[in-house]
Each structure stands twice: as structure tokens, then as C-alpha cells.
Amino acid sequence: MTTPDPAKPRETPLRGVHEQLGASMTEFAGWLMPLRYRSETAEHQAVRTAAGLFDLSHMGEISVRGPGAAAALDYALVGELSAVPPGRARYTMICAADGGILDDLIVYRLAGQEFLIVANAANSGVVLAALGERVAGHDAEVTDQTAGYALIAIQGPAAAGILGPLASVPLDGIRYYASQPATVAGRDILLARTGYTGEDGFELFTPAQDAEHVWSALAGAGAAAGLVPAGLAARDTLRLEAGMPLYGHELGPAVTPFDAGLGRVVKLGKPGDFVGRDALAAAAQAAPRQVLVGLLGGSRRVPRHGYPVLWNGQRAGEVTSGAPSPTLGVPIAMAYVEPAVASAAGDAGSGLAVDVRGRAEPARLTPLPFYHRTSSRT
Amino acid sequence: MSIPENLMYTAEHEWVAIDGGVASVGITDFAQSALGDVVYVSVPAAGADVTAGEPCGEVESTKSVSDIYSPVDGEVIESNPEIDDDPGLVNTDPYGAGWLVRIRLADDAEPAGLLSAEEYTALTKEAE
């Protein structure tokens with residue numbers, strides 16, 4: 001293994017596949033990643049109606065193992081990881097002592113003394129360092145596994161039908177937010193039923209050297225069912241429609257989980273101390289400073305990250321993410337607004353606008369998510 | 001990446017075809033490829049005066065929004081009536097059905113500062 005050159009973006013084990021497919025590549029969080037292969041709108045729609053195949057190898061994978069691993073994570077994170085049964089996973093966060101969000105995470109409990117933490121690419125260094133400090137004193141070991149894994153996601157209503165025949169275990173036995181060791185196309189992987197698209201789907205933690213084999217097997221098996229490779233552009237509009245927050249947009253060090261409407265991930269009732277407890281206990285009691293809302297654009301000009309939200313002509317918030325929604329056909333956005341706006345603007349439905357590059361474009365509040373799949377979850 | 005020999009270009013990635021004192025304008029294949037799927041195009045209505053080098057419209061794609069700069073001085077005489085309903089024409093046929101506006105040149109002199117296909121090709125190579 002070579003040490004990454006900080007001047008050059010890191011490449012995933014699937015770099016050659018993307019090149020063959022003619023992907024448009026982009027640098028994202030220090031990695032060279034596929035932005036789109038052809039039309040990002042078509043990729044988005046394929047995930048909604050059939051399935052998409054994603055390379056998410058930029059995500060950080062951090063292993064925490066040892067007799068003290070569960071207690072260490074209860075202290076390091078805001079969730080109660082010791083209460084998660086082996087084979088299950090949790091969406092959780094790691095916060096600073098002041099309650100600000102350092103990252104949002106999915107933590108898979110692989111065994112009683114073994115956890116796999118998936119961090120955002122841009123934050124994996126911060127998360128790794130924070131875990132290293134916070135685990136000290138517990139009998140547990142923290143290691144960065146990012147370079148060893150390719151993370152391949154297959155997402156969409158056809159995903160289970162495509163993956164099933166290639167997998168060594170019945171997919172019906174893997175519930176949403178569960179994982180299981182399995183072979184796929186003959187290679188040993190960790191198979192998880194998680195995703196970031198609002199659809200049913202799976203994430204395959206694949207040894208780097210098996211990544212091309214597994215990707216090709218899935219691509220070949222799924223082509224007839226409408227599976228297409230999908231890039232980061234489609235991933236972003238899919239997660240936005242599904243109302244899922246993104247670090248650097250809805251989440252960040254100046255935001256607590258309560259600000260983001262995700263206070264449910266903070267387990268104040270868990271035994272023992274944890275980093276951020278005092279600040280988060282106070283935040284749980286305090287009136288919210290801001291409220292995360294969904295906006296539907298009233299014109300074709302798109303509210304984007306950083307654009308001011310206006311209420312009766314006055315600045316009353318800021319857009320955190322926005323895009324033209326392929327599913328709804330209108331611009332959608334998430335925004336932090338003053339609490340009074342979130343309650344009052346819903347009644348009248350007027351007076352709300354977004355300053356889109358100097359011109360106020362009408363907008364209205366809508367409940368999140370923008371899109372909810374109709375079929376039931378396993 | 002298609003860069004037709006018979007067109008003129010700007011550093012802002014517009015193409016220009018001048019015929020009989022009227023400039024047809026669109027965005028280049030390079031530009032549409034960089035933008036991704038175009039979802040909305042705003043261009044000035046017929047009768048609007050435009051100035052070379054000044055923003056006169058915008059192109060919204062999934063990921064970003066970009067200004068359109070007028071490549072010439074003149075008066076808009078027509079905007080593409082198909083683009084409003086089908087902005088994807090900018091992606092599928094940037095030099096043909098995806099044209100944006102026609103501008104009557106303010107004077108008969110050849111507009112200054114436009115790039116040849118060769119010069120524009122060099123510019124896109126630098127950008128890559």
C-alpha cells in the first residue's frame with residue numbers, strides 16, 4: 001500500500017471500471033469519484049424505477065473492536081451502541097463537547113465486540129482522531145479500514161431481485177439496517193441493507209481486490225432489469241428527495257442534532273457519560289434556534305446551498321441543499337428557518353420566498369421527505 | 001467533444017454563427033457536458049438590447065447555474081421557442097436544436113474578441 005499524495009486525489013479500486021464506462025469524474029472530499037456516467041437525471045430515475053449501482057469507496061470505514069468496544073462507543077457517540085444487537089446497525093452521530101455535529105455515521109455491530117463505523121469521506125480523519133482519543137482507557141482498538149474496502153451500493157426497487165441470485169444468503173433474512181457476512185458472486189463480503197436514496201437497497205463492503213469482480217457481476221446480472229451505474233450527482237438528488245441530511249449542508253459543527261430535527265439519535269437516557277452530554281441535554285430542553293424545513297420552489301429557478309430564505313421580504317433563514325427534483329419536476333430545497341417562519345408560513349402559504357441570485361422566487365413549505373417510496377420495507 | 005470549424009466561440013463557452021447581420025448563439029458541447037442535464041434556460045425576450053461580455057441569461061442544470069454572456073452587441077430578435085418545454089435540447093443538440101437566441105448585430109462590423117474553433121479547442125484543453 002502506498003501513502004496517499006495529498007496533492008493528488010485518491011482513487012477507488014473501481015477507477016478502471018469508471019474509465020471504461022466513460023464516467024465524468026470529479027474530485028470530492030479528496031477522492032476522484034464518478035459524478036455521472038451519462039445523464040444524471042436518467043440515473044436518478046433508474047434508481048426510483050429499477051436500480052442503480054454506486055461506487056461509494058470514498059466513505060471512511062473505521063473498525064472498533066475489543067472487550068471494551070461497546071462501552072467505548074457509548075462514550076464516544078451520542079447513540080447507545082451497546083444496546084444494538086449483533087447483526088444490526090444504527091444511524092448515529094459523533095458530536096463535539098459543545099454538542100456540534102462532527103459527523104453523522106452508520107455503525108454496524110458485526111459481533112459482540114466488533115463494530116464497523118462508516119463516516120463521510122471528508123470527515124473520516126476527524127472521526128478517526130476523535131475515536132482514538134475517546135476510546136483511550138477502554139479496552140478497544142480503533143483502526144482505519146478505508147483503503148481495504150470498496151463500498152458498492154445497489155439501490156432501487158429491483159435491487160433485491162438482481163442481488164438475490166448472486167448472494168449466498170437469503171435477502172429476506174436481512175432487514176433494513178441489518179448486515180450479514182455473505183458471498184456475492186463467490187467473493188466474501190459484508191452485506192448490509194442500508195442506503196442513502198430513499199429506496200430499498202444494499203451496501204456491499206467488498207475487499208478492494210474483489211471490487212471489479214463484484215461490480216461486474218452485479219452490472220451483468222442487472223442490465224436486463226434496468227440497472228445502470230449511477231454517480232454522485234444522482235446520489236445527491238436522490239438523498240435530497242428522500243429528505244436525508246448531508247454533512248456540510250444540513251449538518252455541521254455549528255449545528256446540534258436537535259437543530260437538525262434529529263434529536264432522536266441522542267440517547268440522553270443511556271448509562272454513563274458521553275462526549276457532548278451536558279450541551280445536548282441543554283439543547284434538548286431549549287427552544288430551537290432554527291428549524292429544518294422542506295421548500296417547494298414556485299418557479300423554475302433553483303434555490304441552492306447558501307441562498308437566503310425570505311419571509312415577507314426579510315431574511316429569515318438559509319437554504320442548505322437545493323436541486324431540481326427529477327421525481328417532482330419542480331425545484332426542491334431544505335433550509336434552516338426561524339421557528340416562527342416554520343409555523344406561521346405554513347398557514348398563510350404566502351410571503352415565503354428564496355433570494356435566487358438577486359430575485360425573490362416564491363416558495364412554499366412542504367413536509368419532509370419530498371419523496372416516500374410506496375412499497376413496504378422488509 | 002464536438003467543436004465545429006465553421007462557428008466562432010467565446011471564452012465563456014458560447015458559440016456564435018453570424019449570417020446576414022444576425023448572430024445565432026448557443027452554448028458549446030463542452031459547456032453542456034460540464035453542466036450536466038439542463039433543466040431551465042432563461043434568455044432575454046425579443047426586443048431586448050444586449051451587450052458583448054455582459055450576462056444576458058442563465059442556464060440551470062441539476063448541479064449548478066451559470067450565466068450566459070452575450071457574445072455581441074445588438075438586439076435580440078428571437079429566442080428558441082422549443083427550449084422552455086425541452087431544455088434538454090441544449091444537451092442533445094447544442095449546436096442545432098439547442099440554440100438559444102438570435103441577435104441582430106448593432107453595426108455591420110465583424111464583432112471583436114471572438115475565438116476561432118482552433119483557439120477555442122486550445123482553451124478547452126487548458127480547462128481539462
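Start at the interface between the chains: 11 residues of chain A are in contact with 8 residues of chain B. The model is predicted.

**Stop 1: the side of chain A that touches chain B**

Keep the chain A side selected. Colour H2, H7 and strand E17 (314-324) of chain A; each of these elements supplies at least two residues of the side that touches chain B. Now colour that side by residue class. You should find 4 nonpolar, 3 polar and 4 charged residues there.

**Stop 2: the two domains of chain A**

Hide chain B and split chain A by its domain assignment. Select 1-286 for domain 1 and 287-378 for domain 2. Place a marker at the C-alpha centre of each domain; the two centres of chain A lie 27 Å apart.

Next, select the contact between these domains. Domain 1 of chain A brings 25 residues, and domain 2 of chain A brings 23. Which helices each supply at least two residues of the domain 1 side in chain A? They are helix H2 (40-49) and helix H7 (232-241) of chain A. Both names have come up before: H2 and H7 of chain A also each supply at least two residues of the side that touches chain B.

Colour the domain 1 side by class. On the side of chain A's domain 1 that touches domain 2, there are 8 nonpolar, 8 polar and 9 charged residues.

**Stop 3: a helix pair in chain A**

Select residues 69-76 of chain A, helix H3, and residues 124-135 of chain A, helix H4. Their axes are 9 Å apart and the packing angle is about 115 degrees. Rotate the view until one helix lies over the other: H3(A) crosses H4(A) in a right-handed sense.

Show side chains at the contact. From H3(A), pick Ala72(A), Tyr75(A) and Ala76(A). From H4(A), pick Leu131(A), Arg134(A) and Val135(A). By class, this contact of H3(A) with H4(A) holds 5 nonpolar residues, no polar ones and 1 charged.

**Stop 4: chain A as a whole**

Zoom out and switch to cartoon. Chain A has 9 helices and 20 strands. Its radius of gyration is 21 Å, close to the 21 Å from the globule rule for 378 residues, so chain A is as compact as a globular protein of that length. Draw a box along the principal axes; the C-alpha atoms of chain A fill roughly 60 × 50 × 45 Å.

Colour by burial next. Of the 378 residues of chain A, 49% count as buried. Finish with a contact map. Take the contacts in chain A with a separation of 6 or more: 68% of them join residues 24 or more positions apart.

Note on methods:
Residues are numbered from 1 along each chain as its sequence is written. Chains are lettered from A and ligands numbered from 1 in the order in which they are written. This is a predicted model: local features need pLDDT of at least 70, side-chain atom pairs count only at pLDDT 80 or more; totals for chains, interfaces and linings use all residues. Domain bounds come from an automatic or database domain assignment. Two residues are in contact if their C-beta atoms, placed from the backbone, lie within 7 Å. Helices (H or I, at least four residues) and strands (E, at least two) are DSSP runs, numbered from the N terminus. Ala, Val, Leu, Ile, Met, Phe, Trp, Tyr, Cys and Pro count as nonpolar, Asp, Glu, Lys and Arg as charged, and the others, Gly among them, as polar. Axes are lines fitted to C-alpha atoms, for helices over the stretch in contact, and angles run from 0 to 180 degrees between N-to-C directions. A crossing is left-handed if the near helix is turned anticlockwise from the far one by less than a right angle, and right-handed if clockwise. The radius of gyration is taken over C-alpha atoms; the globule rule is 2.2 Å times the number of residues to the power 0.38. A residue is buried if 20 or more other C-beta atoms lie within 10 Å of its own, exposed if 12 or fewer, and partly exposed in between; C-beta atoms are placed from the backbone.
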